[in-house]
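Biologist: I am new to this structure and would love a close look at one part of it. Could you walk me through the disulfides and what surrounds them, and then show me how the rest compares?

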Amino acid sequence: MQCFSFIKTMTIIFNMVIFLCGAALLAVGIWVSVDGPSFVKIFGPLSSSAMQFVNVGYFLIAAGVVLFVLGFLGCYGALSENKCALMMFFFILLIIFIAEVAAAVVALVYTTMAEEFLSMLVVSAIKKDYGSRNDFTQVWNSTMEGLKCCGFNNYTDFEESPYFKDYQAFPPFCCVNSTTSCDTQKAEESNVQGCFKQLLYNIRANAVTVGGVAAGIGALELAAMIVSLYLYCNLK
């Protein structure tokens, strides 16, 4: 009985933390959606890089809602000893865990396909919005300045963009040590690497940290599922 009470108390505390984290993510997601450029200024080039490949605001809102609901179900289920809430908590966690494993497998097996798909989406957005939408342009400028890169693939991504049409030149980040306009010849000679490859390089350089965080999250999810089943089975 003492073991049950201890696990119950720890479950309530753990899920309260998840609940608060979900609320915080939800607030940050709304902030990013409303005012993206200020988010980039505070959190730097890595955050702006991420904003090129996913809509960070909506992603954080979705993650915040999921954590908010999970925290509530886990905390309420343990506190009130409600079997239905505990089982819902378990199944939501199980679905998330399976989805994460499936996403990791797909990312590893179909890396090239994923890169081509992202390239198609991002490059078309650059050609359409870079130079015409201030928030989009600022985010890309922060990314290129911080990561020392140019476009998604290279300077050719900016051809046909509003910026190129207006200035007949590429962004200055696409040319190395250029004091004049960055034209096609200078951009080709500079051969500045695309931001996607640079971001991948940064991730691979910190592979141990990324892998450790992923393994830690997976272990926490498994532990939470085991504990919720334990509480469920020991409730009268």
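**The disulfides and their surroundings**

Modeller: Happily! Let me begin with a residue in the neighbourhood we will visit: Phe158 counts as buried, at 0% relative accessibility. Please keep in mind that this is a predicted model.

Phe158 lies in the loop between H7 and H8, and that loop is a good place to start on the cysteines. Cys149 is in the loop between H7 and H8, and its partner Cys195 is in helix H10, so to speak a link between distant parts of the chain, 46 residues apart. The disulfide between Cys149 and Cys195 has an S to S distance of 2.0 Å. Its turn about the S-S bond is 85 degrees, and the link of Cys149 and Cys195 is right-handed. Both Cys149 and Cys195 are buried.

Next along the chain comes Cys150, which is joined to Cys174 by a disulfide with S to S 1.9 Å. This pair, too, links distant parts of the chain: Cys150 sits in the loop between H7 and H8, while Cys174 sits in the loop between H8 and helix H9 (184–190), 24 residues away in sequence. The link of Cys150 and Cys174 is right-handed, with 80 degrees about the S-S bond. Cys150 and Cys174 are buried.

A further disulfide runs from Cys175 to Cys182, S to S 1.9 Å. The torsion about the S-S bond of Cys175 and Cys182 is about 80 degrees, so this disulfide is right-handed. Cys175 is buried, as is Cys182.

That brings the count to 3 disulfides. If you number the bonded cysteines along the chain, the pattern reads 1-6, 2-3, 4-5. As a reminder of what each link is, a disulfide is a covalent bond between the sulfur atoms of two cysteines. Two further cysteines are worth finding in the viewer: Cys21 is partly exposed, with a relative accessible area of 38%, and Cys84 counts as exposed at 52%.

Now let us return to Phe158 and look at its aromatic company. Phe158 and Tyr130 form an edge-to-face aromatic pair, 4.8 Å centre to centre, with 65 degrees between the planes. Tyr130 belongs to the loop between H6 and H7 and Phe158 to the loop between H7 and H8, so the pair links distant parts of the chain, 28 residues apart. Tyr130 counts as buried, at 1% relative accessibility. Together with Tyr163 and Tyr167, Tyr130 and Phe158 form one aromatic cluster.

The two rings also belong to something broader. The largest nonpolar core has 24 residues, and those that touch the most other members are Ile126, Tyr130, Trp140, Phe152, Phe158 and Phe170. At least two residues of this core come from each of helix H6 (111–129), helix H7 (134–147), helix H8 (162–167) and helix H10 (195–205). There is also a second, separate core of 9 residues, including Leu70, Met87, Ala224 and Met225. As a general point, nonpolar side chains in soluble globular proteins tend to be buried together.

Charged side chains make links as well, and the count comes to 2 salt bridges. In one of them, Arg133 meets Asp129 at 3.4 Å, N to O. Arg133 is partly exposed, with a relative accessible area of 38%, whereas Asp129 counts as buried at 10%. In the other, Glu81 meets Lys8 at 3.0 Å, N to O. Glu81 lies in the loop between helix H4 (56–80) and helix H5 (83–109), and Lys8 in helix H1, so the pair ties together parts that are 73 residues apart in sequence. Glu81 is partly exposed, at 39% relative accessible area, while Lys8 is buried, at 18%.

Helix H1 covers residues 2–34 and is also the place of Ile13. Ile13 is partly exposed, with a relative accessible area of 46%. With Phe6, Met10 and Val17, Ile13 makes a nonpolar surface patch of about 390 Å².

Note on methods:
Residues numbered from 1 in each chain as written. Predicted model: local features only at pLDDT ≥ 70, side-chain atom pairs only at ≥ 80, totals over all residues. Heavy atoms only, no water. Patch = residues over 30% accessible without salt bridge, like charges linked within 9 Å, V, L, I, M, F, W, Y side chains within 5 Å. Areas by Shrake-Rupley, 256 points an atom, 1.4 Å probe, with all protein chains shown as cover. Salt bridge = Lys/Arg side-chain N within 4 Å of Asp/Glu carboxyl O. Helix = DSSP H or I, 4+ residues; strand = E, 2+ residues; numbered from the N terminus. Buried < 20%, exposed > 50% of the residue type's maximum accessible area, 1.4 Å probe, protein only. Core = buried A, V, L, I, M, F, W, Y, C linked by side-chain atoms within 4.5 Å. Disulfide = S-S within 2.5 Å. Phe/Tyr/Trp six-rings, centres within 6.5 Å; stacked < 30°, edge-to-face > 60°.
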